[in-house]
Amino acid sequence: MTALANQSQRQTLDPAHAFDITGPKARLCAADGGYEIVHESTRFQICVYALVAPEPDHKRTNADDELYIVLEGSGMLDVDGEQLELREGQAAFVPAGADHRFSAYEHLTVLTILERDGQVDQPEVRRSL
């Protein structure tokens with residue numbers, strides 16, 4: 001690739017930056033759960049999602065691939081009828097179009113990474129500001 005083409009490609013990319021996940025995690029846990037977007041770019045949306053029993057997680061389907069990384073707690077991720085047991089330090093991939101929701105948790109906080117090539121459906125929970 002030529003230097004000019006390389007420079008042109010860099011100008012269309014989102015700029016590098018850091019963002020906090022501990023602050024949103026603390027706020028959401030203190031508010032008995034919720035969902036907060038911590039980063040949005042042209043290719044990704046990254047969110048902190050906190051679930052606290054007895055509030056149920058609502059089933060959803062995303063048009064794009066999704067990755068969940070467990071920050072705290074444990075629970076089950078139901079994906080198209082298959083149950084994946086998750087605990088702190090583990091991650092799960094959910095392919096585009098799969099029905100999924102969390103269950104069997106007391107307290108669960110996950111970092112959610114959504115690909116943004118298509119429509120993104122957000123969980124049906126309140127959003128923290």
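This is a dialogue about reading burial, helix faces and nonpolar cores in a predicted model.

Visitor: Where does Ala50 lie, and is Ala50 buried or exposed?

Guide: A residue is called buried when its relative accessible area is under 20%. Ala50 has a relative accessibility of 3%, and therefore it counts as buried; its place is in strand β2, which covers residues 44-52.

Visitor: Which residues does Ala50 touch, leaving aside those up to four places away in sequence?

Guide: With those sequence neighbours set aside, Ala50 touches Leu28, Cys29, Gly33, Gly34, Leu108 and Thr109. For one of these, Gly34, the C-alpha atom lies 5.3 Å from that of Ala50, although the two residues are 16 apart in sequence.

Visitor: Which residues of helix α2 are buried, and why can they be said to line one face?

Guide: The idea is to look down the helix axis and ask how wide an arc the buried residues span. In α2, residues 22-30, the buried residues are Gly23, Pro24 and Leu28; seen down the axis they fall within an arc of 125°, so they line one face of the helix. The face turned away from this buried side carries Thr22 and Ala30, which are exposed.

Visitor: What do the buried residues of α2 pack against, and what follows the helix?

Guide: They pack against strands β1 (34-40) and β2, while the helix is followed by Asp32, a residue whose phi is positive, near 60°.

Visitor: How many residues does the largest nonpolar core have, and which strands each supply at least two of them?

Guide: A nonpolar core gathers buried residues of kinds such as Ala, Val, Leu and Phe that are joined through side-chain atoms. Here the largest has 17 residues, and those with the most contacts inside it are Leu77, Phe102, Leu108 and Val110. Strands β2, β4 (66-79), β6 (91-94) and β8 (107-115) each supply at least two residues of this core, the largest share, 4 residues, coming from β4. Apart from this core lies another, of 7 residues, among them Leu28, Val38, Val48 and Ala50.

Visitor: Which side chain does that of Ser103 join in a polar contact?

Guide: A polar residue may be buried too, and then one looks for its polar partner. Ser103, in strand β7 (residues 99-103), is buried with a relative accessible area of 14%, and a polar contact of 3.0 Å joins its side chain to that of Asp78. Beyond residues up to four places away in sequence, Ser103 touches Gly75, Met76, Asp78 and Gln83.

Methods: Residues numbered from 1 in each chain as written. Predicted model: local features only at pLDDT ≥ 70, side-chain atom pairs only at ≥ 80, totals over all residues. Heavy atoms only, no water. Buried < 20%, exposed > 50% of the residue type's maximum accessible area, 1.4 Å probe, protein only. Contact = heavy atoms within 4.5 Å. Arc of directions from axis to C-beta. Polar contact = N/O pair within 3.5 Å; in protein donor to acceptor, adjacent residues only side chain to side chain. Core = buried A, V, L, I, M, F, W, Y, C linked by side-chain atoms within 4.5 Å.
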